[in-house]
Amino acid sequence: MQALFLAGGKGTRLYPLTYEIPKPMVPIMGKPLLEHNMNLLKLHGIHDIILSICYKPECIEQYFGNGSAFGLNIRYISENSPLGTGGAIKNCAKLLNDTFFVFNADILSNINFSEMLRYHKRQHAAVTIAVTRVEDPSAYGVIEYDKNGYALSFCEKPDPNEIVSHFINAGVYIFEPEVLEHIPTGHAVSVEKEIFPQLLQDGKKIAVYRGCNYWLDIGTPEKYVRANRDSFEGKFCLAETDFHHRAVYSDVNTQISRSAILRGPIYIGKNVQIKAGAVVGPRVIIGNNSIIGERSVIANSILWNKITVKNHARIDRCIITDKSIISDTFQKNIITP
């Protein structure tokens, strides 16, 4: 079984977090969003990954390589210019020879991929689309479906008087390879706006899978903060952390002074130093290779990698990106080097 991640977008709504890295690489609990989604796939026996990349592709390739360090087989297809969701899928056609998953690479969800695949096969569908229910679907792609679980219509970002369903496209699909024949080659095309409606007109079955209780697109800084907060609160449980059972998660080679105070929930990455008298927490993430100075105070904040917090600094409700040096008091800020 193969999985294709559409990881080529610039993530402009996430600026300034995505000035230096592509959106799928923003860290959730110290690891890239893309890595968390790959780890979920491994739990369902899916190890063959294709990444469609465009914006800052070297960031993704340098981190994951061929996937062997992650127990995966990863191959890359680059876009010279953005091709849209449909064009990106078609661009990977030469690597896709059987039923395959497709993922928008900027989402977190609790979909049971094994159950979704079984449902897809029972429905004998050309495509199965995972959906999730939202109160206000006007910013999303709405799907109307019949009592047998087959799509009837699609409407992108409907006006209030056009809303016929509160179930939206969750950005997770299963495709049969025959669908690739319906996608034109070499130019930008949207599966949501063009290919899926055309498949319905051509009499193809598109099944709708409703097994998604948690879903979040990491599209804005506010939603990025929410994703990490939801992990702390147990609304979304990552494979590596469960804060219902432990208040503090610490990776390898951490050095924490005996006089430091940790107020969980906290996630601490690799090679982190927390020095004497520092007060850390609650709801703090500290990325790899970071140094937390003496008598500093950090709460409700996300620190990426290689952060230096000087002695006596105070941080609250901040996102601090890689390689920043903090020597003062900051509240409710996005801080970049």
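**Pockets, a helix pair and some odd backbone spots**

The second largest pocket is lined by 30 residues, and those lying nearest its centre are Ile-21, Met-25, Tyr-63, Asn-305 and Asp-322. Keep in mind as you look around that this is a predicted model. The volume of this second largest pocket comes to about 830 Å³. Sort its lining by class and you get 13 nonpolar, 8 polar and 9 charged residues. As for where they come from, strand E3 (31-32) and helix H2 (57-64) each supply at least two residues of that lining. H2 gives the most, with 4 residues.

H2 is worth following a bit further, since it also packs against another helix. That partner is helix H1 (residues 33-43), and the two pack at an angle of about 50°, with their axes 11 Å apart. Where does that leave the pair, given that angles under 35 degrees count as roughly parallel and 65 to 115 as roughly perpendicular? H1 and H2 are therefore oblique to each other. The crossing of H1 past H2 is right-handed. On the H1 side, Leu-34, Glu-35 and Met-38 do the touching, and they meet Ile-60, Tyr-63 and Phe-64 in H2. By class, this contact has 5 nonpolar residues, no polar ones and 1 charged. Notice that Tyr-63 turns up twice: it is one of the residues nearest the centre of the second largest pocket, and it is also part of the H2 side of the contact with H1.

Now for the largest pocket, which holds about 1200 Å³ of space. Its lining takes in 40 residues, with Lys-23, Thr-85, Asn-104, Asp-106 and Glu-192 lying nearest the centre. Which elements build this lining, each with at least two residues? They are strand E1 (2-7), helix H3 (84-91), strand E11 (167-175), helix H5 (191-201) and strand E13 (215-217). Of the elements, E11 gives the most, with 4 residues. The class breakdown of the largest pocket's lining is 16 nonpolar, 13 polar and 11 charged.

So much for the open spaces; there are closed ones too. Searching the whole structure turns up 3 cavities of 30 Å³ or more. The largest cavity contains about 60 Å³ of space. Its walls include the run Pro-27, Ile-28, Met-29 and Gly-30, along with Tyr-224, Asn-228, Ile-285 and Gly-287. Ile-302, Leu-303, Trp-304 and Asn-305 line the largest cavity as well. Strand E2 (27-28), helix H6 (221-233) and strand E23 (301-303) each supply at least two of the lining residues. What classes make up this lining? There are 8 nonpolar and 4 polar residues, with no charged ones. Asn-305 links this cavity with an earlier stop: it lines the largest cavity and is among the residues nearest the centre of the second largest pocket.

Last, the backbone. Most residues other than glycine have a negative phi, and most peptide bonds are trans. Against that background, a few spots here deserve a look. The peptide bond from Tyr-15 to Pro-16 is cis, with omega near 10°, and Pro-16 sits in the loop between E1 and E2. Those two strands have come up already: E1 in the lining of the largest pocket, and E2 in that of the largest cavity. Another cis bond runs from Gly-264 to Pro-265, with omega near 5°. Pro-265 lies in the loop between strand E16 (261-262) and strand E17 (266-268). Then there's Arg-283, which is not a glycine yet has a positive phi of about 55°. You'll find Arg-283 in the loop between strand E19 (279-280) and strand E20 (284-286).

Terms used
Residues numbered from 1 in each chain as written. Predicted model: local features only at pLDDT ≥ 70, side-chain atom pairs only at ≥ 80, totals over all residues. Heavy atoms only, no water. 1 Å grid on protein atoms, 1.4 Å probe; cavity = no way out; pocket = protein on both sides within 12 Å on 5 of 7 lines; lining within 4 Å. Points joined across faces, edges and corners; volume = space filled by probe spheres on them. Nonpolar A, V, L, I, M, F, W, Y, C, P; charged D, E, K, R; others polar. Axes fitted to C-alpha atoms, helices over the stretch in contact; angles between N-to-C directions. Parallel < 35°, antiparallel > 145°, perpendicular 65-115°, else oblique. Left-handed = near helix turned anticlockwise from the far one by under 90°. Contact = heavy atoms within 4.5 Å.
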